[in-house]
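Open the model in your viewer and set it to cartoon. Keep the selection tool at hand for this tour.

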Amino acid sequence: MLMVASSLLAQNNVAEEVAWVVGDTPIWKSEIEEQFQNLRYDNKDIKGDPYCVIPERMAIQKLFLHQAELDTIEANEGQVISRADGQINYLIQELGSKEKVESYFRKSMAELRQNYMDAIRDESRVQQVQRELTKNIKTTPSDIRRYFAALDADSVPYVPLQVEAQIITMEPVIPREDVEDVKARLRQYAEAVNNGESEFSTLAILYSEDGSSVRGGELGFMSRAELDPNFAAVAFNLNDPKKASRIVESEYGYHIIQLIEKRGDRINCRHILLTPKVSTAELTASTQRMDSLRSFIDEGKLTFEEAALHISSDKDTRNNRGLMVNGATGGSRFEMNQLPQEVAKQVAELEPGQMSQPFVMTDKKNHTVVAMVRLTNRIDGHRADLRNDYQLIKRMYEASESERILAEWLEKKIRETYVRIEDGYRNCDFRYKGWIREREGEAASAASSTNANS
């Protein structure tokens, strides 16, 4: 995303001269310079001469896009719009306002959004072509064993310390009067907006407990699927951008909402979020209940798995009998820095099979909960091996096979495609073979082949 963003800022100081031609599509010198500035802006290691590496990367993308045209592969426009809006929202959050974003990039919001959409659309189409080319990779245990046996020692990755853990959480009871106090405050804010006494965005900055408060509560364009169902049901029924909604309860707390704009199946709105605070007394009571539960498990009256299934308030782990799942990998193993900070602190003190004492933490919905974790397994840091890291090695094998298939496809595609590289861009050690023809006849033949395929 930062590379795309920086490309929007890069200035075109190079004359519009052609550096490469791939098929019937030119690669301009100004485009190469722009990409070079992107990489320097992001402190990316180019690993080679930028005037060789960058145009080759651009040419490769054009070959994949040409194949996407032949196969009539299109991007999902809903996803393109969603990602583009997400990146625009990120820039607004980082820089503070739409006006500051436009000033920084010296482009209108419409131009920025279109640039993002074009880049994301191309990326999606390239990825679809690559998936189609590699979809038939077959993986067998014997393939993986042979692959691992052939790796030299330096290619075997080091796997840091990993753990597997179970968790039980309890949400302290929030007294009804505390909930009513939050609702009363939100009703007061809504009345002030609806009576024209206050701006919704000002109240959001002052009082909302959501990260969007710095933007006056603005969320950016989002689809129904990206919003809490209760929140979406109210937000998508709003019609008057000057009014505040009724109070909405979601899994994150209580909201009022104001419409900004509807665009097809997406909506941009502001909101104010308030959450009732857990009292010290209720937190103490929940800790005591968790401590009693721990005693029952210690005494064998029930297992940790049974307690998690029937008592835990965390729905993501409850039906998994408490086992925590790593969202980054889909597996149950975590590196310590992938765990919530409070959980990692407890796990670091445990031996496999041991339970922690009850502790207080903030969950991913920003709720204060009382938790208890049990360490089920610890795998010390080590060089990867088939017994402990089969899935990791399998992913490495599949990535290697994908790279081989795509490399073979690209070299064939290069041979079949007309390519012309201007002086100053030819003396390169390219990653793929065949960009520079030994005989002019080869280029002419490839051009003819490309035109026939088109």
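Begin with the open sheet of 4 strands in this predicted model. Its order is E5-E8-E7-E6, and the pairing is antiparallel. Select residues 222-223 and 248-250 next. These are E5 and E6, the edge strands, and each pairs on one side only.

Now take residues 253-263 and 266-274. They are E7 and E8, joined in the antiparallel sense over 9 bridges. For one of the bridge pairs, pick Gln258: its partner in E8 is Arg270. Add residues 200-207. This is helix H9, lying across E7 and E8 and running at about 45° to E8.

Move on to two helices: H3 (residues 50-70) and H15 (residues 390-416). How do they cross? Their axes come within 11 Å, at roughly 85°. H3 and H15 are therefore roughly perpendicular to each other. Show side chains here. From H3, select Ile60, Leu63, Phe64, His66, Gln67 and Leu70; they meet Leu406, Trp409, Leu410, Lys413 and Ile414 of H15. By type, the residues of this contact are 8 nonpolar, 2 polar and 1 charged.

Stay on Phe64. Its contacts beyond four places in sequence include Val126, Val129, Gln130 and Leu133, along with Leu406, Trp409 and Leu410.

Phe64 also leads into the largest nonpolar core, which has 32 residues. Trp20, Ile27, Ile32, Phe64, Leu410, Ile421 and Trp435 have the most contacts inside this core. Elements giving two or more residues are E1, H2, H3, H6, H15 and E13. Which one gives the most? H3 does, with 10 residues.

Last stop: another core, apart from that one, has 16 residues. Select Leu339, Val343, Phe359 and Ala371, which are among them.

Notes. Residues numbered from 1 in each chain as written. Predicted model: local features only at pLDDT ≥ 70, side-chain atom pairs only at ≥ 80, totals over all residues. Heavy atoms only, no water. Axes fitted to C-alpha atoms, helices over the stretch in contact; angles between N-to-C directions. Parallel < 35°, antiparallel > 145°, perpendicular 65-115°, else oblique. Contact = heavy atoms within 4.5 Å. Nonpolar A, V, L, I, M, F, W, Y, C, P; charged D, E, K, R; others polar. Pairing = 2+ DSSP bridges. Core = buried A, V, L, I, M, F, W, Y, C linked by side-chain atoms within 4.5 Å. Buried < 20%, exposed > 50% of the residue type's maximum accessible area, 1.4 Å probe, protein only.
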